[in-house]
Amino acid sequence: MKHKGILIVVSGFAGTGKGTLMKMLLDKYENYALSVSMTTRAPRPGEIDGVSYFFVNKETFEERIAQNGLIEHACYCDNYYGTPRDYVEKQLEAGKDVILEIEIQGAMKVKEQFPQALLLFVMPPSVQELEQRLVGRGTETPEVIHKRMCRAAAESEGIEQYDYIVINDKLEDCVVEMHSIIQAAHYTPLRNEEFIKHIRRDLEGLAKGEK
Ligand code: 5GP
């Protein structure tokens, strides 16, 4: 029986290493597809349009919302971010597990629309570590870092809405843990409703002496 892929939402405070984790997960294992978001934020040095994000202006973003072209969108630290619908639907249909690396408001909207989505929250081993990583990355001004730390404090209130937390202490271990959680999620009854119904129907038929 061919399975549809599952939708995996990955959130975490800025600086927890989500981007690196996702890259390692995709390099190490097959069957994952990473959705590329659309944003109105300016590209950082080294970011590539169409790979890191689809970088667009506010008008283009709003047009996309009006066309129902985004599964979800949210405003984060003064910029819009959203998940293009086409790519996600196609990849799920093709049986891929699709990863959305998005913030918490978007995650909650996905959960409403796709109750079978798996929600993971990446945690730093400590707040000191988080701050060091964010400063060390050197891609944001102190003002932006402060904004993102405030945002992290607010986001921490929503962690209980997620299915699992993963702690990014050692990257290699974290990637393996994440993959194991996703693998296990494939076998929950909620994500196998069609298969269960199918077996149940056949059993009922058998009980009635139809076969
Ligand atoms: P950054 O500017 O650091 O690339 O991303 C800022 C935040 O926006 C991160 O928490 C990231 O996960 C989130 N984000 C990226 N793409 C999307 C998206 O399509 N939708 C939502 N809701 N958040 C996103």
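Q: Angles between helices count as roughly parallel under 35 degrees, roughly antiparallel over 145, roughly perpendicular from 65 to 115 and oblique otherwise. Why, then, are helix 5 and helix 6 called roughly antiparallel?

A: This is a predicted model, in which local features need pLDDT of at least 70 and side-chain atom pairs 80 or more, while totals for chains, interfaces and linings use all residues. Residues are numbered from 1 along each chain as its sequence is written, and side-chain values use heavy atoms, leaving out hydrogens and water. Helix 5 (residues 127-137) and helix 6 (residues 142-155) cross at roughly 150°, with axes coming within 11 Å. The angle runs between N-to-C directions, from 0 to 180 degrees, with axes fitted to C-alpha atoms over the stretch in contact. The pair therefore counts as roughly antiparallel.

Q: Which residues make that contact?

A: Contact means heavy atoms within 4.5 Å. Helix 5 brings Val127, Leu130, Glu131, Leu134, Val135 and Arg137, and helix 6 brings Ile145, Arg148 and Met149. They divide into six nonpolar, no polar and three charged residues, with Asp, Glu, Lys and Arg counted as charged.

Q: What makes helix 1 and helix 7 roughly perpendicular?

A: Helix 1 (residues 18-28) and helix 7 (residues 171-185) pack at about 65°, their axes 10 Å apart. They are therefore roughly perpendicular. Their contact includes Leu21 and Leu25 of helix 1 and Val175 and Met178 of helix 7, and its residues are 10 nonpolar, two polar and two charged.

Q: What makes the ligand's pairs with Tyr81, Gly82 and Arg148 polar contacts?

A: A polar contact is a pair of N or O atoms within 3.5 Å. A ligand oxygen is 2.5 Å from a side-chain N or O atom of Tyr81 and one is 2.9 Å from a polar backbone atom of Gly82. For Arg148, a polar side-chain atom lies 2.7 Å from a ligand oxygen. Each pair therefore fits the definition. Arg148 also belongs to the contact of helix 5 with helix 6.

Terms used
Helix = DSSP H or I, 4+ residues; strand = E, 2+ residues; numbered from the N terminus. Polar contact = N/O pair within 3.5 Å; in protein donor to acceptor, adjacent residues only side chain to side chain.
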